[in-house]
Amino acid sequence: MSAETKVLAGITMSLDGYVTGPNDRPGAGLGDNGERLHYWVFGGPWTYDSPRGEPAAVDQAYLDDAFTSAGAWIVGRTMHDLVDGWGDDPGFGVPVFVVTHRAHEPVVKGDTTFEFVTGGIADALARARTAAGGKNVIVMGGADVLRQYLDAGLVDELTLTIAPVLLGAGKRLFDGLARTDLAFERFAVVESPFATHLRFRVRG
C-alpha cells in the first residue's frame with residue numbers, strides 16, 4: 001500500500017443537521033423532500049421520478065476530483081439497497097465494498113464490482129486499501145457506516161456538503177458518535193450555487 005493512500009469521507013447535510021429526510025426507502029433513498037439535499041449534484045430541482053440535470057461547473061469539478069482520486073469506495077448495505085446498487089451501470093470504475101451483516105456473492109455491473117463484506121468496517125477498509133493500489137479509499141455512507149469510521153478514527157479527511165435547506169426530521173450523521181475528542185481542521189471551502197463544501201482534515 002502506498003503511503004499516499006488516504007481515507008476520505010463525504011456526505012451532504014441540511015442546515016438542521018439531517019443527511020436524509022424522513023421515510024427513506026427504496027426508490028426514495030434521501031427520504032421525503034430529501035431530494036433538496038442533492039440539488040448540487042443535479043444542477044437544481046429534481047425528483048425521484050423526473051429527469052435529472054447536470055451539476056454546476058464547480059460541483060462537477062469537486063465530483064471529478066473525488067472520482068479520479070478514488071481507487072476503491074466503501075458503502076453501507078442500506079445505502080446500496082436503497083438505490084438498488086446505482087442501477088445497471090453505476091460508473092464507479094473501481095471496486096465498491098459494501099459493509100453488511102448479510103453475505104452476498106460479488107456483483108459486477110458495467111465497470112464496477114461490488115464486494116459484500118461481513119467482517120466489519122476494519123475488514124472492509126483493509127480490502128479497499130489493497131484494491132485501491134495507492135489511490136484513495138472513499139467512504140460514501142450512509143450515515144451509520146460513516147459514523148462508525150469516524151468513531152474508529154479511520155477517516156483522514158471529511159467533506160461536509162451543507163445544503164441550505166431545512167428538513168425537520170430524518171437521519172443525522174452525528175447522533176450516537178462517541179468520539180468527541182476528534183478535531184476537524186478546515187483546509188478548504190468550496191462554494192457552489194446550491195451548497196457549500198466544507199473540507200476538513202480529521203485528527204484524533
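Analyst: Start with one term. A salt bridge is a side-chain nitrogen of Lys or Arg within 4 Å of a carboxyl oxygen of Asp or Glu. Keep in mind that this is a predicted model.

User: How many salt bridges does that rule give?

Analyst: The count comes to 11 salt bridges. Take Glu185 and Arg203 as a case. Their side chains meet in a salt bridge, at 3.4 Å from N to O. Glu185 sits in strand E10 and Arg203 in strand E11, so this pair ties together parts 18 residues apart in sequence.

User: Which other residue meets Glu185 in a salt bridge?

Analyst: Arg201 does, with an N to O distance of 3.4 Å. This pair also links distant parts of the chain: Arg201 is in strand E11 (residues 196–203), Glu185 is in strand E10 (residues 183–191), and their positions lie 16 residues apart in the count.

User: Is Glu185 buried or exposed, or in between?

Analyst: In between. A residue is buried under 20% relative accessible area and exposed over 50%. Glu185 has 36%, so it is partly exposed. Its two partners fall in that class as well: Arg201 has 28%, and Arg203 has 46%.

User: Now a helix. Where do Asp144 and Arg147 lie, and how are they spaced?

Analyst: First the general idea. An α-helix has 3.6 residues a turn, so residues three or four places apart point the same way. Now the case. Asp144 and Arg147 are three residues apart in helix H5, so about one helical turn separates them. Their side chains meet in a salt bridge of 3.4 Å, N to O.

User: What is the relative accessible area of Asp144, and what is that of Arg147?

Analyst: Asp144 has 44% and is partly exposed. Arg147 has 15% and is buried. So this salt bridge joins a partly exposed Asp144 to a buried Arg147.

User: Which residues of H5 are buried?

Analyst: Arg147 is on that list, together with Ala143, Val145, Leu146, Tyr149 and Leu150. Look at both ends of the helix too. Just after H5, Gly153 takes a positive phi of about 70°. On the other side, Gly142 is found in the loop between strand E7 (136–141) and helix H5 (143–151).

User: What kind of peptide bond joins Gly141 and Gly142?

Analyst: A cis bond. Read it from omega, which is about 5° here.

User: Which residues other than glycine should I check for a positive phi?

Analyst: Check Asn23 and Asn33. Asn23 has a positive phi of about 65° although it is not a glycine. Asn33 has a phi near 65°, also positive. Asn23 lies in the loop between strand E2 (18–20) and helix H1 (39–42). Asn33 lies in the loop between E2 and H1 as well. Their exposure classes need care. Asn23 is partly exposed at 46% relative accessible area, whereas Asn33 counts as exposed at 51%.

User: Salt bridges can share residues. Which residues are linked in a network?

Analyst: Arg77, Asp81 and Arg102 are linked in a network of salt bridges.

User: What about acidic residues outside salt bridges? Which residues form the negative surface patch?

Analyst: A patch takes residues with over 30% relative accessible area and no salt bridge, and joins like charges within 9 Å. Here Asp84, Asp88, Asp89 and Asp111 form a negative surface patch. Take Asp89 from that group. Asp89 is in the loop between helix H3 (77–82) and strand E4 (96–99). With a relative accessible area of 54%, Asp89 is exposed.

User: Where does Gly87 lie?

Analyst: In the loop between H3 and E4. Gly87 counts as partly exposed, at 25% relative accessibility. Compare sequence with space here: Gly87 and Lys109 are 22 residues apart in sequence, and their C-alpha atoms are 8.2 Å apart.

User: Last step, the whole fold. How many helices and strands are there?

Analyst: Five helices and 11 strands. Along the principal axes, the C-alpha atoms fill a box of roughly 40 × 40 × 35 Å. Of the 204 residues, 46% count as buried.

User: What does the radius of gyration add?

Analyst: It tests the fold against a compact globule. With 204 residues, such a globule would have a radius of gyration near 17 Å. The protein has 16 Å, which agrees.

Definitions and conventions:
Residues numbered from 1 in each chain as written. Predicted model: local features only at pLDDT ≥ 70, side-chain atom pairs only at ≥ 80, totals over all residues. Heavy atoms only, no water. Patch = residues over 30% accessible without salt bridge, like charges linked within 9 Å, V, L, I, M, F, W, Y side chains within 5 Å. Areas by Shrake-Rupley, 256 points an atom, 1.4 Å probe, with all protein chains shown as cover. Lys, Arg positive; Asp, Glu negative; His and termini not counted. Charge placed at Lys NZ, Arg CZ, Asp CG, Glu CD. Helix = DSSP H or I, 4+ residues; strand = E, 2+ residues; numbered from the N terminus. Buried < 20%, exposed > 50% of the residue type's maximum accessible area, 1.4 Å probe, protein only. Rg over C-alpha atoms; globule rule 2.2 N^0.38 Å.
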